[in-house]
Amino acid sequence: MTITLNDLVRVLTECAGADEDVALTAQKLDVPFTDLGYDSLALLETAALMKQRFGATLTDEDVTEIETPREFLDRVNHAAAQAA
Amino acid sequence: MNRSVAITGIGVVAPGGVGKKAFWDLLVSGRTATRTISFFDPSRFRSQVAAEVDFDPRRSGLSPREIRRLDRAAQFAVASARECMADSGLEFVQLDPHRTGVSVGSAVGGTTGLEREYLVLSDSGRLWEVDSDYVSPHLFDAFVPSSLAAEVAWTVGAEGPATVVSTGCTSGLDSVGYARDLIAEGTVDVMIAGAADTPISPIAVACFDAIKATTPRNDDPEHASRPFDRTRNGFVLAEGAAMFVLEELEHARARGAHVYGVIGGYATRCNAYHMTGLRPDGHEMAEAIRHSLDQARLDPSLVDYVNAHGSGTKQNDRHETAAFKETLGQHAYEVPISSIKSMVGHSLGAIGSIEIAACALAMENGVVPPTANLHEADPECDLDYVPNEAREHGVDAVLSVGSGFGGFQSAMVLTREETAR
Amino acid sequence: MTLATSAAQETPERTERPTAVITGIGVAAPNGLGTEQWWQATLSGASGIGPVVDYDASRYPSRLVGRIAGFDAAEHIPGRLLPQTDRVTRLALVAGAEALSDADADPAELAGQDGYGEYGCGVVTSNATGGFEFTHREIRKLWTQGPQQVSVYESFAWFYAVNTGQLSIRHKLRGPSGVLVSEQAGGLDAIGQSRRTLRQGVKLSLTGGMDSSLDPWGLVSHLASGRLSRSDDPATAYLPFDTRAAGQVPGEGGAMLVLEEETAARARGARVYGEIAGYAATFSPRPGSGRPPGLERAARLALADSGLPVEAVDVVFADAAGLPVADDEEAAALRSLFGPYGVPVTAPKTLTGRLYGGGAPLDVAAALLALRDGVIPPTAGIDRPVPEHRLDLVRGAPRDAPLRTALVLARGHGGFNAAVVVRSARAA
């Protein structure tokens, strides 16, 4: 099972709220999270929920290094594949 | 601001040994008081290290009733208040109750007691609608942290203003700063001021785990708190308390009190940036430092020792290093700077007061406590952090800083009595 | 600044110091969200006290609360702030924004202007119980699902400094700021500290207090005080100064106020509600010590601080504990200050319950609007005042009166006392 952008958007919104001005769409896969208004806490919370929902564990280094939604999806899917 | 404010008594409950003397002995030895958490089974937690106090309330002079009634934080506050009163030579009857106030800093107040009561009321979390049949009469005092100030006021017989200052991890500095202001403006002549926090409980450990602020160095607990070291990876949670007798300087002189030093300056600012994040430039902390030095009429080059916040998180240590460089200029590279959190951990709201105690004792003894566990400095932290060994060094003026969640940045300057206006 | 050097003098020399005026009010109260809604409810006697409706409280010995019904945070604050805030912080953000808007002040803009500097605006609040419901959910997760389930936001959504921190960030308040906890007296201490920061050079300080802890664990913690009314009748559960007084009702909410240095406020053309003319706090000795309680002394010190005589006080907003012994003590203090029936006394908090850190700032807001409108809001429900109190209680209906000066009293469990003197604005 692949974790999709929709999955990410759903979890992000739950963890860090929504903001219509900077909605995360497929066109913004390479826009840094900080520019989308998501800070390091939002990513930590999102990573924790991803682990609960999808069993995909991101390392501390992953969470520190991830800058964009595309990187997040790459790493979390890689982790999910390893866990499977 | 007008009247000068002296520190004439010190009481400390810190990891590594209870009382002012044991505290100072630990700091000078460079030993650390961090260890694997023993208060509960920490095996499910990311960070399993803490600086715990081996506190025997009976040996610290608490009565059976006080032991029953008081939450651990209040026990620490009362024990250290009694020690500072005795240290200052103040007999209770000499104090004018109306001209004596109390301020106690605490970030999380009665957390430990609250969590313990929660487990009973909720049947270990099973019940959302907790069971009121099991309510303890002492629950309310853990629920509302101002009970800390009430207990200290009762202990010392104070009837002036009393309050708890709760600005997170700068509470211990801000509480003493608040007390300084009340004396300086003439509202009171004496304040029993300081801070107490006892956060080593599962909920506090879990919430710092979640943001990865505490260290996961569980296999080496004695060396887990590593401020300014390249390998640092978070702070070590701790508990403790320190209380002071603060006195209007003439009031202290009139009774021939020993004066450790005077509070030359104090300021606090907010970064208005992020609840937990810091901007790397340390600008707001620098502003607080500048104001404290200005109030003390102290040229930055005359600071003899800097007691750093030095929590051992990546962002903090760089943040304050930048603030020191901005305010002290070239002198930042020459003045000894150290973090006692390397030895006694980070007791949240209490540590600011415990660090002021360290500063006053550094002035008293002409010794600067070290930063333990500092073997290879972060290249971005390129100042003299007094690694591992205490240093004999005359201290006439000291700067202490704090930084906390919510964006609070505070600074305090202690100077010699002779320099007071 | 001049020096006052004598340690023995009872009252410090009144040195040149800036006048602290209030230019904005924001309210979140059980009987009204928003200043004008709450004020109309207060004058018309509409109560916000009612039974717990969010969960089954039937097994608890006390079941009445002052709850802000229908509060939908999403209508008022950005979505990004919702996951990281407890109800109490949402209420503080809503009231803080209303106060600043009422004052027509944007601190982010003011900070760039002459005389303000980067650090010319700050925030000082009181809070007694933290982000309690948020913590209840997280601590339950910890103990039923494990530490990994605890939210990253728990680290700051709970602690008592959260409202000050979030308000600071939201409105770019970077000057001297703080958080004081003195149970139900802390809201006045926050206002006093806010005024102190003006003397230290701050031009605008957002201040006040907010509390909310009415979830089951919160309510049971309130119960532990042993001071809650066990009545099920919202109209008579909390009856201070009444022969039937038998306890308190806990509520949620509070008020935020914009305090400004008068010259700066006038310079930007701000409308001024009134002045915080005096403030003082004391602590009562342990019961049984034989020494008198400290409420009267707090009132006298606050009046001395204001430079006004006792006779200048036109109305008192009482602490109004609703507990017979504490009511007797307050009535005795008021008689000693003003003489029997010497001044109108009121307690509009009978319509909200007691709001902990938020209660006294809400009384200051009521005092300011009473001065503005020349009307004293009534104390609700009091049919049988204790005759020995000999108080001129304003009850039943509002009382029209020319008002210049109000005294607001507050007490906190353990012995905290505080008093604020509110004075109507001088003509510009």
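Is Lys212(B) buried, partly exposed or exposed? Lys212(B) counts as partly exposed, because 19 C-beta neighbours lie inside 10 Å. The rule behind this is that a residue is buried if 20 or more other C-beta atoms lie within 10 Å of its own, exposed if 12 or fewer, and partly exposed in between, with C-beta atoms placed from the backbone.

Before we go on, a word about the model. It is a predicted model, in which local features need pLDDT of at least 70 and side-chain atom pairs count only at pLDDT 80 or more, while totals for chains, interfaces and linings use all residues. Residues are numbered from 1 along each chain as its sequence is written, and chains are lettered from A and ligands numbered from 1 in the order in which they are written.

Let us start with chain A, which has four helices and zero strands. Helices here are DSSP runs of H or I with at least four residues, strands are runs of E with at least two, and both are numbered from the N terminus. Along the sequence, the pattern of chain A reads α-α-α-α. Its C-alpha trace spans about 35 × 25 × 20 Å along the principal axes. For 84 residues, a compact globule would have a radius of gyration near 12 Å, and chain A agrees because its own value is 12 Å. That radius is taken over C-alpha atoms, and the globule rule is 2.2 Å times the number of residues to the power 0.38. Of the 84 residues of chain A, 29% count as buried.

Contacts tell us how the chain folds back on itself. Two residues are in contact if their C-beta atoms, placed from the backbone, lie within 7 Å. Among the contacts in chain A with a separation of 6 or more, 63% join residues 24 or more positions apart. Chain A also meets chain C, in a contact that takes ten residues from each of these two chains. On the chain A side, α1 (5-16) and α2 (40-54) each supply at least two residues, and the largest share, four residues, comes from α2(A). By class, this side has six nonpolar, two polar and two charged residues. Ala, Val, Leu, Ile, Met, Phe, Trp, Tyr, Cys and Pro count as nonpolar, Asp, Glu, Lys and Arg as charged, and the others, Gly among them, as polar.

Now look at where chains B and C meet. Here 72 residues of chain B are in contact with 69 residues of chain C. Helix α8 (residues 202-210) of chain B gives the most to the chain B side, with seven residues. That side has 36 nonpolar, 21 polar and 15 charged residues. The two chains also share a strand pairing: β6 (residues 162-165) of chain B and β6 (residues 178-181) of chain C pair in the antiparallel sense over two bridges. Two strands pair if DSSP finds at least two bridges between them. Within this pairing, Val165(B) has Leu180(C) as its bridge partner.

Val162(C) sits in helix α6 (residues 162-171) of chain C. Val162(C) is buried because 30 other C-beta atoms lie within 10 Å. Leaving out residues up to four places away in sequence, Val162(C) touches Gly406(B) as well as Thr89(C), Gly130(C), Gly131(C), Phe156(C) and Ala157(C).

Inside chain B, the domain assignment, which is automatic or from a database, gives domain 1 (5-254) and domain 2 (263-416). Their centres, taken over C-alpha atoms, are separated by 21 Å. The contact between them takes 61 residues from domain 1 and 56 residues from domain 2. On the domain 1 side, α7(B) gives the most, with eight residues.

Chain B also has an open sheet of three strands in the order β3-β4-β8, with mixed pairing. Because β3 (35-36) and β8 stand at the edges with a single partner strand each, one side of each is left without a neighbour in the sheet. β3(B) and β4 (residues 49-51) of chain B pair in the antiparallel sense over two bridges, and Arg35(B) stands opposite Ala50(B).

Finally, we return to Lys212(B), which lies in the loop between α8 and β8 (237-238) of chain B. Phi of Lys212(B) is near 55°, a positive value in a residue other than glycine.
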